[in-house]
Amino acid sequence: MKCDDFLPWLASENSVRRALARRHARRCASCRAAASLLDDVKHQLAVDEPLPERLEEAFLSAADAKETASVSWPTMPARSGHRRELWLAALAAAVLLALAPWLFGPRRQGEVARAPDPPRELRRVSEIVIVAIDSSAEFVRLENDLAALQVRLKEVEDNAHRLAAAQELGRVLADHDRVLVAAVF
Amino acid sequence: VTVDVDTADAQRRRELAELVDAHGQALWALVRKLCRHQQDAEDAFQETAVRAWKHLAGGRAIDNRRAWLLTIGYRVFLDQRRKTKPCDAFDDVADARSKPPSVEAESNEEAGRVQAAINELPNEVREVFVLHYTGGLSIQETAAAMGIAAGTAKSRLAAGLNQLRRRLR
């Protein structure tokens, strides 16, 4: 193996690979320098100071931000109401555009303008309920859910890897037993 | 009903306190290294607390609290970066640890060089280093936090080490 192969192993999570890379680094000046550099980087990035007390208090005060959030709720319907108006305006514009050729289109000569038939009712839509949602809070909730799911997925992946490793180990041991039995008998 | 709500609220507050007790220091170190600026780091820390509280208030279960909290911290940092321009680096990074006076100057100079080289890494590489080495997240957890494959996180780590070698040679 070359130095370039050992280099990623210095930062590997696999302790065997890491040990092999470190053993190689003891004999190789270039890799020794890389290992030393990695130690410096780890040292530089290490958790280096205790959490200031005021930040700990600030963290705990997040629980009281709940009240602030609920106080700010009444301002939300104004925004969603504005959005609803925009939607209604857009809907009205779309209906007007769709009916424009029929309402304002050119008439043939002699044709008498007559009152348009009332639009046929295609289907009746039941009562629509519009609800206001705090979109920022909903976004944060979904994002947190996603983070939790990603962590859970990682754990499931880890378990799958462990299971695969256990199965592989079982196969190797079974082969070993077969060889052993064949050797003995 | 009032008693139940109060009990649930007290329980969540206890959970929040346990969270900051167990992982507050790691979260602070993480946002500090990511943000590079004291005020941004403090804002990110507090915003993380607010998001964590909202999640706790939702009553959903969390399996790995450290990874969960640090992932939220990282997401907050990303949101913050999208909104603001990067600021100056921390002044106190290099002298954060006390050393004997005789070696302090030399050590600080070396630490400063290493820190500067880390700061010069591309964001996506530097963030892998910070999540992995400061946050103490595994490669899988780092990858999950960043929304990338574990192999990508590994290759960014190796590429980052190569870049640091070249810069500090």
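In this predicted model, helix 7 of chain A packs against helix 2 (residues 38-57) of chain B at an angle of about 85°, and their axes are 9 Å apart. Angles of 65 to 115 degrees count as roughly perpendicular, so helix 7 of chain A is roughly perpendicular to helix 2 of chain B. Chain A brings A:Ala137, A:Val140, A:Glu143, A:Asn144, A:Asp145 and A:Ala148 to this contact. Chain B answers with B:Arg51, B:Ala52, B:Lys54 and B:His55.

Helix 7 of chain A also helps cover helix 6 of chain B. Eight of the eight residues of helix 6 (residues 139-146) of chain B are buried, so this helix is largely enclosed by the rest of the structure. The buried residues are B:Ile139, B:Gln140, B:Glu141, B:Thr142, B:Ala143, B:Ala144, B:Ala145 and B:Met146. Their cover includes the helices below.

| Covering helix | Chain and residues |
|---|---|
| Helix 7 | chain A, residues 135-184 |
| Helix 3 | chain B, residues 65-83 |
| Helix 5 | chain B, residues 123-134 |
| Helix 7 | chain B, residues 150-168 |

After helix 6 of chain B comes B:Gly147. The phi of B:Gly147 is positive, near 70°.

Chain A also carries a nonpolar surface patch. A:Leu88, A:Leu91, A:Val95 and A:Leu99 make this patch, which covers about 360 Å². One of these residues, A:Leu99, lies in helix 6 (residues 76-104) of chain A. Is A:Leu99 buried, partly exposed or exposed? A:Leu99 counts as partly exposed because its relative accessibility is 33%, and the partly exposed class runs between 20% and 50%.

How values were computed. Residues numbered from 1 in each chain as written. Chains lettered and ligands numbered in written order. Predicted model: local features only at pLDDT ≥ 70, side-chain atom pairs only at ≥ 80, totals over all residues. Heavy atoms only, no water. Buried < 20%, exposed > 50% of the residue type's maximum accessible area, 1.4 Å probe, protein only. Helix = DSSP H or I, 4+ residues; strand = E, 2+ residues; numbered from the N terminus. Contact = heavy atoms within 4.5 Å. Patch = residues over 30% accessible without salt bridge, like charges linked within 9 Å, V, L, I, M, F, W, Y side chains within 5 Å. Areas by Shrake-Rupley, 256 points an atom, 1.4 Å probe, with all protein chains shown as cover. Salt bridge = Lys/Arg side-chain N within 4 Å of Asp/Glu carboxyl O. Axes fitted to C-alpha atoms, helices over the stretch in contact; angles between N-to-C directions. Parallel < 35°, antiparallel > 145°, perpendicular 65-115°, else oblique.
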